[in-house]
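The exercises below ask you to read ring pairs, helix packing and backbone geometry from a set of coordinates. Work through each task with the structure open before turning to its solution.

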Amino acid sequence: MESTSETRVFNLENFNQLCEHLAAHDQDLREVLENHGYPPMWTRENTFETVVHIILEQQVSLASALAALNKLKEKMQEITPEHILKLTDEELRKCYVSRQKIVYIRGLAEAIIKGEIDLEKLSEMSDDEARKTLVSLKGIGNWTVDVYLMFTLQRADIFPIGDLAAVNALKRLKQLPSKVAREEIVEISEQWKPFRSVASMMLWHYYFSNAKKRTG
């Protein structure tokens, strides 16, 4: 395996190997692999549409966010900053976009058009630099940035502490009390450095696999 200090991203070539590396050092993650197999390597293109999608996912179900995204696609064919800014509030609300998220998405569109945000340049920045740039926009907080860094830029060492599914999966996997302190969750995730993104995908895989069993 390549030196951990050199590993900044995960990809198709190293993803399964990184899962195995984590499993070799964490019995609970090893059981996830043994019981559920490798997690999907969830990724998204580095586009305006992707960031809109992540904003739509804030504090709602994945299904609700996808329904809104698909409505937007029906309305404008291609989701671009220019197309978004041509729509009225009423048109956006008919696409299931809340008033609050209309403000966020418009702000993002305007920042891109003005050149204040360049998605391609974000891919060249460090995690901290990209985070600082994105959180300067209204409505984009750490959870949104975490998802963008993990899924879009494929950065290897992100733990989304604000993601309920990941945190609940960790609690269940490690048999922790439901009211465990945030600091303890962070401390446990530190043990997976510098591959916390991959560990998070293993946690999501565990979470979704068990959810399917319960509903199936």
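The exercises that follow concern a predicted model, and each task is followed by a worked solution.

**Exercise 1. Classify the aromatic pair formed by Phe10 and Phe15, and say whether each residue is buried or exposed.**

Solution. A pair of aromatic rings is described by the distance of the centres and the angle of the planes. For Phe10 and Phe15 the centres are 5.8 Å apart and the planes make 50 degrees. Planes under 30 degrees apart would count as stacked and those over 60 as edge-to-face, so the remaining class, tilted, applies. The next step is accessibility, for which the cut-off for a buried residue is under 20% relative accessible area. Phe10 is buried, with a value of 0%, and Phe15 is also buried, at 3%. To place Phe15 in its surroundings, note that it belongs to helix 1 (residues 15-25) and that, leaving aside residues up to four places away in sequence, it touches Phe10, Pro39, Pro40, Met41, Val198 and Met201.

**Exercise 2. Classify the pair of Trp42 and Phe208, and determine which parts of the chain it ties together.**

Solution. The ring centres of Trp42 and Phe208 are 6.3 Å apart and their planes stand at 75 degrees, so this pair is edge-to-face. Trp42 lies in the loop between helix 2 (27-36) and helix 3 (48-56), whereas Phe208 lies in helix 13 (residues 196-215), and the pair therefore ties together parts that are 166 residues apart in sequence. In terms of accessibility, Trp42 is partly exposed at 26%, and Phe208 is partly exposed at 30%. The final step is to look beyond the single pair: ring pairs link Trp42 and Phe208 with Phe151, Trp204 and Tyr207 into a cluster. The structure holds 6 aromatic pairs.

**Exercise 3. Describe how helix 3 packs against helix 4, giving the angle, the handedness and the residues that meet.**

Solution. Begin with the axes, which for helix 3 and helix 4 (residues 62-76) lie 8 Å apart and make an angle of about 140 degrees. That angle makes helix 3 oblique to helix 4, because an angle has to be over 145 degrees to count as roughly antiparallel. The crossing of the two helices is right-handed. Next, list the residues in contact: helix 3 contributes Glu49, Val52, His53 and Leu56, and these meet Ala65, Leu66, Ala68, Leu69, Leu72 and Lys73 of helix 4. Sorted by class, this contact comprises 7 nonpolar, 1 polar and 2 charged residues. A general point helps in reading the spacing of such a list: an α-helix has 3.6 residues a turn, so residues three or four places apart point the same way.

**Exercise 4. Carry out the analysis for helix 9 and helix 10, and find how many residues of helix 10 are buried.**

Solution. Helix 9 (residues 127-134) and helix 10 (residues 142-152) pack at an angle of about 135 degrees, with 10 Å between their axes. This makes helix 9 oblique to helix 10, and their crossing is right-handed. Across the contact, Asp127, Ala130, Arg131 and Leu134 of helix 9 meet Asn142, Val145, Asp146, Tyr148 and Leu149 of helix 10, a set with 5 nonpolar, 1 polar and 3 charged residues. Turning to accessibility, helix 10 is mostly covered, with 9 of its 11 residues buried. Among these buried residues are Val145, Asp146, Tyr148 and Leu149, each of which is also in the contact with helix 9. Phe151 is another buried residue of helix 10, and it takes part in the ring cluster of Exercise 2.

**Exercise 5. Which backbone features are found at Gln77, Gln154 and the bond from Lys193 to Pro194?**

Solution. The background is that most residues other than glycine have a negative phi, and most peptide bonds are trans. Gln77 has a positive phi of about 65 degrees although it is not a glycine; this residue is found in the loop between helix 4 and helix 5 (81-86) and, at 66% relative accessibility, is exposed. Gln154, also not a glycine, has a positive phi of about 55 degrees, and its place is just after helix 10, in the loop between helix 10 and helix 11 (164-173). The peptide bond from Lys193 to Pro194 is cis, with omega near 0 degrees, and Pro194 lies in the loop between helix 12 (182-190) and helix 13.

How values were computed:
Residues numbered from 1 in each chain as written. Predicted model: local features only at pLDDT ≥ 70, side-chain atom pairs only at ≥ 80, totals over all residues. Heavy atoms only, no water. Phe/Tyr/Trp six-rings, centres within 6.5 Å; stacked < 30°, edge-to-face > 60°. Buried < 20%, exposed > 50% of the residue type's maximum accessible area, 1.4 Å probe, protein only. Helix = DSSP H or I, 4+ residues; strand = E, 2+ residues; numbered from the N terminus. Axes fitted to C-alpha atoms, helices over the stretch in contact; angles between N-to-C directions. Parallel < 35°, antiparallel > 145°, perpendicular 65-115°, else oblique. Left-handed = near helix turned anticlockwise from the far one by under 90°. Contact = heavy atoms within 4.5 Å. Nonpolar A, V, L, I, M, F, W, Y, C, P; charged D, E, K, R; others polar.
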